[in-house]
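Here are my comments on the model you sent round. They are kept to what can be read from the coordinates.

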Amino acid sequence: MTAKKKPAAKKAKPQFQHIPWKSVAIEDLNPLLQRHFVVGQNIMVARVLLKKGCIVPEHSHHNEQLTYILEGALKFWIDGKEIVVRTGEVLTIPPHMPHKAEALEDTVDLDVFNPPRADWINKTDQYLRGAK
């Protein structure tokens, strides 16, 4: 007598999303920092708006990060170096690498994370909230 196999549960088919940025609410984190983001299955993209002088305190995370500067310039302190990333330039940040940034001018950047940042989604990213 052979055991009958149960039919495999059907997985939900992944769905595409078409999302205009203007339809995604902008979150005010502090007077110099705003963002909004879209989350996929395994990736997240954030549009981050930084006023000149905004400091993103040193932090690290298990997520790989890619930062693309759409407008402006950010100065990073990363891996013992200082680097300025300007309009049209990209910085890749490996998982667990401590980094800090300062907006040298009003800046719009696009950050991509894999996997998505749970602390941003859950609003537990206190290092960004309420400070300059």
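The numbered points below go from the overall fold to single residues.

1. Status and overall make-up. This is a predicted model, and the points below should be read with that in mind. The protein has one helix and ten strands. Read from the N terminus, the ten strands come before the helix, in the order β-β-β-β-β-β-β-β-β-β-α.

2. Dimensions. The radius of gyration is 18 Å, against a value near 14 Å for a compact globule of 132 residues. The C-alpha trace extends over about 75 × 35 × 30 Å along the principal axes of the protein.

3. Surface and burial. About 8800 Å² of the protein is accessible, and carbon and sulfur atoms account for 56% of that surface. Of the 132 residues, 33% are buried. Among contacts between residues at least 6 apart in sequence, 64% link residues that are at least 24 apart.

4. The six-stranded sheet. One open sheet has six strands, ordered 1-2-3-10-5-8, with antiparallel pairing. Strand 1 (27-30) and strand 8 (90-93) are at its edges; each has a single partner strand, so one side of each has no neighbour in the sheet. On average, neighbouring strands here are turned by 25° against each other, direction ignored.

5. Strand 10 and its partners. Strand 10 (residues 107-114) is joined to strand 3 (residues 44-50) by seven bridges, and the two run antiparallel. In this pairing, Leu50 has Thr107 as its bridge partner, while Leu49 is matched with Val108. Strand 10 also pairs with strand 5 (residues 64-71), again in the antiparallel sense and over seven bridges. There, Glu64 stands opposite Asn114 of strand 10.

6. The four-stranded sheet. A further open sheet has four strands in the order 4-9-6-7, and its pairing is antiparallel. Strand 4 and strand 7 are the edge strands, each pairing on one side only. The average turn between neighbouring strands in this sheet is 15°, direction ignored. Within this sheet, strand 6 (residues 73-78) and strand 9 (residues 99-103) run antiparallel and are joined by five bridges. Ile78 has His99 of strand 9 as its bridge partner.

7. His61. Is His61 buried or exposed? His61 has a relative accessible area of 8%, and the cut-off for a buried residue is under 20%, so His61 counts as buried. The residue lies in the loop between strand 4 (55-59) and strand 5. Its side chain makes a polar contact of 3.1 Å with the side chain of Gln65. Leaving aside residues up to four places away in sequence, His61 touches Pro95, His96, His99, Phe113 and Arg117. One of these, His99, is the bridge partner of Ile78.

8. Thr87. This residue is in the loop between strand 7 (81-86) and strand 8. Thr87 is partly exposed, at a relative accessible area of 49%. With residues up to four places away in sequence not counted, Thr87 touches Ile69, Leu70, Glu71 and Gly72. For Gly72, the backbone nitrogen is 3.0 Å from a polar atom of the Thr87 side chain. Thr87 and Asp109 are separated by 22 residues in sequence, and their C-alpha atoms are 8.7 Å apart.

9. The cis peptide. Which peptide bond is cis? The bond from Asn114 to Pro115 is, with omega near -10°. Asn114 is the residue that Glu64 stands opposite. Pro115 itself belongs to the loop between strand 10 and helix 1 (118-121).

10. Positive phi at Asp79 and His96. Asp79 is not a glycine, yet its phi is positive, at about 55°. This residue is in the loop between strand 6 and strand 7 and is exposed, with a relative accessible area of 53%. His96 also is a residue other than glycine with a positive phi, near 70°. Its place is the loop between strand 8 and strand 9, and His96 is exposed as well, at 56% relative accessible area. His96 is among the residues that His61 touches.

Technical notes:
Residues are numbered from 1 along each chain as its sequence is written. This is a predicted model: local features need pLDDT of at least 70, side-chain atom pairs count only at pLDDT 80 or more; totals for chains, interfaces and linings use all residues. Side-chain values use heavy atoms; hydrogens and water are left out. Two strands pair if DSSP finds at least two bridges between them. Axes are lines fitted to C-alpha atoms, for helices over the stretch in contact, and angles run from 0 to 180 degrees between N-to-C directions. The radius of gyration is taken over C-alpha atoms; the globule rule is 2.2 Å times the number of residues to the power 0.38. Buried means under 20% relative accessible area, exposed over 50%, partly exposed in between (1.4 Å probe, protein chains only). Contact means heavy atoms within 4.5 Å. Accessible areas come from the Shrake-Rupley method with a 1.4 Å probe; for residues, only the protein chains shown count as cover. A polar contact is a pair of N or O atoms within 3.5 Å; within protein, one must be able to donate a hydrogen and the other to accept it, and residues adjacent in sequence count only if both atoms are side-chain atoms.
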